Amino acid sequence: MKIDFEEISYLEQTSPAIKLFKSDNFPLIASFLFVVYKEAKKGEIPDIDMETYLSDYIYGIKQSDENSRLSDNPKAYLERWTNDGFLRKYYPGGSDIPFYQLTPASEKALQWIMDLEKKEFIGTESRLLKIFELLKEIVYKSTEDPLKRLEELQRRKDEIDSEIQKVKSGEFHTLDDTQIKERYYELTDTARKLLADFREIEFNFRTLDRQVREKQLNQGLSKGKLLEDVFGFHDLLWSTDQGKSFKAFWEFLMSPEKQEELEELSEIVMKIPAVESVQSMNILERLKVDLVEAGDKVNKTTHGLIEQLRKYLDSRVRLENRRIIEIIKGIKKTAVDLKDNPPIKRDFFTIEYRPEIEMIMERPEFIPPRIPLILDSVPDEGLAEIDLKSLYAQHYIDLEEIQNNIKSILAQEGQVSLKRIIDVYPVEKGLSEVMAYLEIAHKGGKNVINEENAVEIQIKNKEKNKDYKIKIPEIIFVR
């Protein structure tokens, strides 16, 4: 990005974030959006609730400032802020109530305002260490030279060995309060910006969706090409840099071990005395939940975009079918009109595109159906030499019982892996019971099936008294 006069002039005219700062009601807009979205930690708010919140907020301002000229019409404010790009008004899938959420421009504006807050001190040591670590990762993890990779690994190994020896001898050093505060500020700042960036990720995906739609409308694609674009849209989403980065983030976050580690580390950090004295907005307390909710919302957004494209395809197919019916009616009408007055010219009717011709001789010959011969005599009853007990000795899988197993754990936790459920409720009916879990996971809309990550589980066939170990895709059930 260039920072010159023309670029700044263009941003001044087009950027909603700059428009927000130049607005006459900037204090009202910024403070209200911060209260309802940041302090209340809400991602989307229904239209009715939003009007109530804004009405109460304006009333509170007028009570403290008698000279305030704010209007008492919250609906007009919200409509104006939506048109100016400060808020996004939309209808979630299956809902007839509009919702409001922050736009990326508003996120950036609020982020910049929060960055203006005077800090206790500016941490430099932690940032420099972070720069060094990133430089090392780029250099050594991008090289194809195995010797350089081995040298770096050996250096890190020597550092770890040296640290172990210091710990054993009792000569190790711990972070002082200043260093702990510095790293905590850096941590919360990074976490806050990461959560804010999810709004930009959604916006990028919707922009890509709009570009695909414009291409389809402007180029008038055929049905085959349209099908190719629609089914390839999902791959296109995840093949971009944005898609690849988000997919790696989601796979990392969906690991139960990583979630437990994140939650455990957050709890330990919040209990450190030096951190307790500077905690702000308790961002670490809900970090895992906020990340999962934000990531899940991006997933739902991408799934919704793909579903909209498929609906668009259905509408295109209906239009094409209607056009074909109109052409056929036109042919019939022309044939009736020309029945008693045949045309003199050879070409009397034209059809767009070239119709396919199917020759009569290319059709297969008619094969008469076989008529079964029914005899009056009663057939003799035969004797079976096969043991049919196995046909009747099938396991009965109670799906309701399995669903209750899942619900009992989800009542205490927001999500749980299939491996954890089986640890609590062991499988005793063999593979058929595992298949029942897979069927429930597949039908559940929120559940996650990660086919790229296989997990090993222990199951038992109680009737045959045999134990098995099987590998299945990682499955996460979500409340």
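Q: Why is Lys-19 counted as partly exposed in this predicted model?
A: The relative accessibility of Lys-19 is 42%. Buried means under 20% and exposed means over 50%. The value of 42% lies in between, so Lys-19 counts as partly exposed.

Q: What makes the contact between Lys-19 and Asp-84 a salt bridge?
A: The side chains of Lys-19 and Asp-84 meet with 3.2 Å from N to O. A salt bridge requires a side-chain nitrogen of Lys or Arg within 4 Å of a carboxyl oxygen of Asp or Glu. The distance of 3.2 Å is within 4 Å, and therefore the pair is a salt bridge. This pair links distant parts of the chain: Lys-19 belongs to helix 2, whereas Asp-84 is in the loop between helix 5 (74-83) and strand 2 (87-90), 65 residues apart.

Q: How do you know that Lys-22 and Glu-12 form a salt bridge, and where do the two residues lie?
A: The N to O distance between the side chains of Lys-22 and Glu-12 is 3.2 Å. Lys-22 lies in helix 2 (residues 16-22) and Glu-12 in helix 1 (residues 5-14), with their positions ten residues apart in the chain, and the pair links distant parts of it. The limit for a salt bridge is 4 Å, so a distance of 3.2 Å satisfies the rule.

Q: Why are Lys-22 and Glu-12 placed in their classes of accessibility?
A: Lys-22 has a relative accessibility of 51%. That value is over 50%, so Lys-22 counts as exposed. Glu-12 has 42%, which is neither under 20% nor over 50%, and therefore Glu-12 counts as partly exposed.

Q: What makes Lys-38 and Glu-107 a salt bridge, and which parts does the pair tie together?
A: The side chains of Lys-38 and Glu-107 meet at 2.8 Å, N to O. Because Lys-38 lies in helix 3 (residues 26-39) and Glu-107 in helix 6 (residues 104-116), the pair ties together parts that are 69 residues apart in sequence. The distance of 2.8 Å is within 4 Å, so the contact meets the rule for a salt bridge.

Q: Are Lys-38 and Glu-107 buried or exposed?
A: Lys-38 has 18% relative accessibility, and Glu-107 has 4%. Both values are under 20%, so both residues count as buried.

Q: How many salt bridges does the rule give, and which residues are linked in a network?
A: The count comes to eight salt bridges. Glu-152, Arg-155 and Glu-159 are linked in a network of salt bridges.

Q: Why is the group of Glu-257, Glu-260, Glu-261, Glu-264 and Glu-267 called a patch of negative charge?
A: Glu counts as negative, so these five residues carry like charges. A patch takes residues with over 30% relative accessible area and no salt bridge, and like charges are joined within 9 Å. The five gather in such a patch on the surface. One of them, Glu-264, lies in helix 12 (residues 256-270).

Q: What makes the surface patch that includes Leu-128 nonpolar?
A: The patch is formed by Leu-128, Ile-131, Phe-132 and Leu-135. Leu, Ile and Phe count among the nonpolar side chains, so the patch is called nonpolar. Its residues have about 390 Å² of accessible area together. Leu-128 lies in helix 7 (residues 125-142). At 47%, Leu-128 passes the 30% needed for a patch but is not over 50%, so Leu-128 is partly exposed.

Q: Why are Leu-70 and Ser-68 called buried?
A: Leu-70 has 16% relative accessibility, and Ser-68 has 18%. Each value is under 20%, so each residue counts as buried. Leu-70 is found in the loop between helix 4 (47-64) and helix 5, and Ser-68 is found there too. The C-alpha atoms of Leu-70 and Ile-58 are separated by 7.2 Å; those of Ser-68 and Ile-58 are 9.4 Å apart.

Q: What makes Glu-463 exposed?
A: The relative accessibility of Glu-463 is 58%. This value is over 50%, so Glu-463 counts as exposed. Glu-463 is found in the loop between strand 5 (448-461) and strand 6 (466-478).

Q: Which elements have the lowest and the highest mean pLDDT?
A: Helix 10 (residues 223-239) has the lowest, at 61, and helix 5 has the highest, at 90. The mean for the protein chain is 77. Where pLDDT is low, the predicted coordinates should not be read in detail.

Terms used. Residues are numbered from 1 along each chain as its sequence is written. This is a predicted model: local features need pLDDT of at least 70, side-chain atom pairs count only at pLDDT 80 or more; totals for chains, interfaces and linings use all residues. Side-chain values use heavy atoms; hydrogens and water are left out. Helices (H or I, at least four residues) and strands (E, at least two) are DSSP runs, numbered from the N terminus. Buried means under 20% relative accessible area, exposed over 50%, partly exposed in between (1.4 Å probe, protein chains only). Accessible areas come from the Shrake-Rupley method with a 1.4 Å probe; for residues, only the protein chains shown count as cover. The place of a charge is taken as NZ of Lys, CZ of Arg, CG of Asp or CD of Glu. pLDDT is the predictor's confidence in each residue, from 0 to 100.
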